[in-house]
Every structure is written in structure tokens, then in C-alpha cells.
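Subject: Structure for your review

Dear colleague,

I am passing on a structure that I would like you to look through with me. Please find it directly below, and after it my notes on what turned up.

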Amino acid sequence: MGSKNLKFNTKTIHGGQQPDKAYGAVMPPIYQTSTYAQTTPGGHKGYQYSRSANPTRTALENSLASIEGGEFGLAFGSGIAAIDAVIKLLAPGDEVISTDDLYGGTYRIFKKIFEKFGIVFHFVGMQGVDAVRDKINKKTKLIWVETPTNPMMNIIDIKAIAILTKGTNILLAVDNTFATPYLQLPLELGADIVMHSATKYLGGHSDTVVGALVVKDKELADKLYFIQNASGAVCGPMDSFLVLRGIKTLHVRMQRHCENGRAIAEYLKNNPKIEKVYWPGFEDHPNHHIAKEQMKDFGGMISFVPKGGSYYDAIKIVEKLQVFTLAESLGGVESLAGHPASMTHASIPKEERLKNGVVDALIRLSIGIEDVDDLIADLEQAIE
Ligand SMILES: Cc1ncc(COP(=O)(O)O)c(C=O)c1O
């Protein structure tokens with residue numbers, strides 16, 4: 001059976017994979033090599049130099065393509081390196097329309113690195129498609145969507161934006177880090193490029209930093225392969241192995257992340273000491289109906305603001321947590337808490353941050369797969 005016809009929970013384990021050609025190893029070996037012996041110049045077995053390609057990375061890239069329902073996967077040294085490769089498809093004068101509420105590092109590479117090379121970025125609230133349509137002009141070459149957004153958990157209608165770009169020369173890229181292909185398949189919804197910080201749920205164990213792109217179109221894949229090799233920010237063999245191993249349990253981990261996420265979102269919503277909880281599974285979330293349509297469940301990311309909270313109240317809460325670890329990042333088996341204003345989103349100017357609702361008292365939780373009773377008890381003692 002071709003791996004395209006497999007169900008998602010089988011693709012995570014077998015998609016794009018074959019036993020290793022040398023000895024039949026079931027798990028792809030870590031080919032920790034920079035170069036490959038040739039019998040005569042050009043006489044090699046498909047690999048010449050590990051920046052261009054490495055068998056462990058190929059195994060990961062095939063797995064990524066399979067789980068995202070694409071044709072071609074590319075693995076990078078970080079999520080940011082994957083974003084960097086996408087923007088290098090553009091030329092000076094080209095314009096990008098990006099989600100306004102997005103990961104601080106994505107904002108930083110757009111504004112602080114690429115703007116000085118003449119690429120123009122427009123940051124737009126994409127909860128309604130009209131705002132995106134209004135910004136499109138002849139110079140628009142890319143629409144950058146993050147959904148759910150980091151950290152406000154806004155939901156953007158991928159299918160509706162894909163209708164705007166269909167038949168044009170505008171690419172639609174979706175950062176699928178928060179949802180993962182377990183919950184949402186952007187290529188099926190009409191996106192051209194799916195991007196991941198595989199550091200997060202795909203790796204799943206907070207032990208590596210990796211980025212990924214997946215596309216369907218051969219010409220686009222070739223351009224991205226060229227950039228990957230020419231710019232050189234590739235994923236190493238050990239890191240490729242770790243993400244491959246992580247992907248094999250993605251579906252079981254995600255199921256638990258979602259269950260625990262729901263229980264904690266409801267606990268926070270019913271807690272009189274909490275002012276506001278951001279989670280797309282609530283029926284009163286402004287784009288809940290879209291989340292319900294394009295996602296299988298609502299994920300394990302939640303943000304909240306304590307009642308009457310100040311910067312210092314938020315800091316006190318995150319410092320008091322004991323089962324949750326105060327740390328950057330998300331998507332691992334362990335629960336993490338973060339303070340976006342001083343951590344993940346500190347690189348966004350305060351006025352921009354506040355415009356998007358990222359107030360000083362906002363706390364972001366990445367709900368892990370521990371026993372949910374322990375997680376709730378930990379939040380209870382910290383909020384008290
Ligand atoms: C949504 C999102 N996109 C991209 C990135 C960047 O990925 P990396 O840290 O792997 O470079 C992150 C990192 O936190 C993220 O949360």
C-alpha cells in the first residue's frame with residue numbers, strides 16, 4: 001500500500017519510510033558523516049556532501065512530506081532557518097502580508113533582517129479575510145499565516161485566504177507549529193507552503209531545534225532546495241533522527257495535549273481570579289466556528305490574564321509554578337509556562353505588542369501530557 005493512502009496515525013510511523021538499505025535497520029541510522037566515498041568523480045550512491053543531502057535528513061524530509069500531505073519536505077537547522085528560506089524566494093520590492101499576532105522571532109527576522117534588503121512587510125489582523133484582501137496589490141508575493149496565533153490563539157481561515165491567492169502569483173505559507181498536521185492540514189486547505197518549528201510538537205521532547213517546510217509543487221520545491229543548499233542552514237543527522245523519533249508518537253501525544261488543554265482551559269475560565277482565557281475551543285472564541293471547521297481539536301496552547309493583573313502579578317505566578325517549568329518554547333511532553341512580554345515576544349515593540357492584546361500580565365501555557373490533576377493543582381497554588 002502506498003503511504004499516501006495510509007491514515008494519519010499510521011503515516012506518523014511509516015509515512016515515507018523504508019527499512020535502511022544497508023542492513024535493514026528499522027529506525028533510520030544516524031548517518032553522522034559530512035561526505036561520501038565516490039568510485040570515480042560523480043560515482044556515488046545519491047549522496048555527495050551532507051549540506052546538500054544526508055540519508056537521515058532524507059528520512060525525516062520524507063516523513064514530513066507524508067504527514068503534511070505534501071510531496072516534498074525540507075528540514076532546516078531551526079524554524080527560523082525555514083522561514084529565512086521562504087523569504088529568500090522573494091526579491092527587493094516584493095511585499096508580504098503577515099499575520100499581526102505572531103511569534104516574536106518571526107516578526108524580528110521580517111523586520112530586522114529582510115526589511116533592510118527591500119522586502120516590505122504589512123502586519124494585518126487576519127481574523128477577517130477582508131483586511132487581507134484590502135492589502136493585496138501587484139507587488140504582493142507572499143501571505144504569511146500563523147494559526148492558531150502565538151500567543152493570542154486567534155484563528156485564521158486558511159481556506160478563505162487560499163481563495164484569494166488561487167490563480168495568482170502570490171504564495172500562501174502557513175506556520176503550522178501550534179496545530180501540527182494531527183489537527184490541521186494547510187496544504188489540503190489550499191496553502192502552498194507549510195512551515196514548522198519542529199523544535200516543538202513534532203520533536204515533542206524539548207531536546208532539539210529543527211525547522212521544516214513542506215510543499216506539493218515540484219518547481220517550488222526545487223527553488224527551496226536550491227536555497228537550502230546555497231544558504232546552508234540544514235538540519236544535522238542527530239537532530240533529524242530525534243525529530244523522526246518524535247513524529248512516531250505525535251498522534252498519541254497530541255491527543256493527550258488536547259485533552260489536558262481542554263480541562264485546563266475550562267478550569268481557568270471558571271476561576272474567579274482569572275480575567276481572560278484565550279483558547280480556540282471556547283464557543284465564545286471569536287473564530288471558534290473556523291477552528292471547528294479546519295482543526296480536528298483545539299490543541300494544548302492556552303494564554304490567560306489574571307484578574308487586575310500587572311506585570312509583577314504575572315511574574316509572581318510563573319515563578320511559583322512547580323510542575324510547569326518557566327521556560328521559552330512549547331510543544332514538549334512537559335508543561336511549560338512563559339511570559340510573552342518579557343520572553344518570546346520581547347523583540348516586538350511594546351506598542352505593537354499591546355495593539356495585539358499581548359498585555360504585560362499575559363501568561364502563555366504549553367500544556368504537556370502529565371496527569372492533568374497535578375497540572376491543575378499546580379496552577380491553583382500559583383494563582384492563589
Ligand atoms: C509559531 C512559531 N514559529 C516559529 C518559531 C521559530 O522556531 P525555532 O525556535 O525552531 O527557530 C517558533 C519558536 O518558538 C514558534 O513558536
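In what order do the five strands of the open sheet lie? Before the answer, please keep in mind that this is a predicted model. The order is β8-β9-β12-β11-β10, and the pairing in this open sheet is mixed. At its edges are β8 (274-278) and β10, each of which pairs on one side only. Within the sheet, β11 and strand β12 (residues 363-366) are paired in the antiparallel sense over three bridges, and Ala337 stands opposite Leu365 in β12. Helix α12 (residues 311-320) lies across β9 (301-306), β10, β11 and β12, and it runs at about 25° to β12.

A second group of strands centres on β2 in these notes. Strand β2 (residues 95-99) has five of its five residues buried, so it is largely enclosed by the rest of the structure. It runs parallel to strand β3 (residues 120-124), to which five bridges join it, with His122 in β3 as the bridge partner of Ile97. Together with helix α4 (residues 104-114), β2 and β3 make a right-handed β-α-β unit. Strand β2 is also joined to β4 by four bridges, again in a parallel run, and there the bridge partner of Ser98 is Trp144 in β4.

The loop between β4 (140-146) and α6 (158-165), where Pro148 has its place, deserves a careful look at its backbone. Most peptide bonds are trans, and most residues other than glycine have a negative phi. In this loop, however, a cis peptide bond joins Thr147 and Pro148, with omega about -5°, and the peptide bond from Asn150 to Pro151 is also cis, with omega near 15°. Pro151 lies in the loop between β4 and α6, as does Thr149. Thr149 is buried, because its relative accessible area is 1%, which is under the 20% cut-off. A polar atom of the Thr149 side chain lies 2.9 Å from the backbone nitrogen of Asn154, and, leaving aside its neighbours within four places in sequence, Thr149 is in contact with Thr99, Asp101, Asn154, Ile156 and Phe178.

Two residues that are not glycine have a positive phi. For Thr180, which lies in helix α7 (residues 180-183), phi is about 65°, and this residue counts as buried at 0% relative accessibility. For Ser329, phi is near 85°; this serine is found in the loop between β10 (325-326) and β11 (336-338) and is partly exposed, with a relative accessible area of 24%.

Ser329 also leads to the annotated lysine. According to an unreviewed UniProt entry, the annotation "modified residue: N6-(pyridoxal phosphate)lysine" covers Lys200. Which residues does Lys200 touch, not counting those up to four places away in sequence? They are Thr177, Ser329, Leu330 and Gly331. Lys200 is found in the loop between β6 (193-197) and β7 (211-215). Is Lys200 buried or exposed? With a relative accessible area of 13%, Lys200 is buried.

With best wishes

Key:
Residues are numbered from 1 along each chain as its sequence is written. This is a predicted model: local features need pLDDT of at least 70, side-chain atom pairs count only at pLDDT 80 or more; totals for chains, interfaces and linings use all residues. Side-chain values use heavy atoms; hydrogens and water are left out. UniProt positions are given in the numbering used here, feature names are shortened, and annotations may be inferred rather than shown by experiment. Helices (H or I, at least four residues) and strands (E, at least two) are DSSP runs, numbered from the N terminus. Buried means under 20% relative accessible area, exposed over 50%, partly exposed in between (1.4 Å probe, protein chains only). Contact means heavy atoms within 4.5 Å. Two strands pair if DSSP finds at least two bridges between them. Axes are lines fitted to C-alpha atoms, for helices over the stretch in contact, and angles run from 0 to 180 degrees between N-to-C directions. A polar contact is a pair of N or O atoms within 3.5 Å; within protein, one must be able to donate a hydrogen and the other to accept it, and residues adjacent in sequence count only if both atoms are side-chain atoms. A crossover is right-handed if, with the strands pointing away from the viewer, the path from the first strand over the helix to the second runs clockwise.
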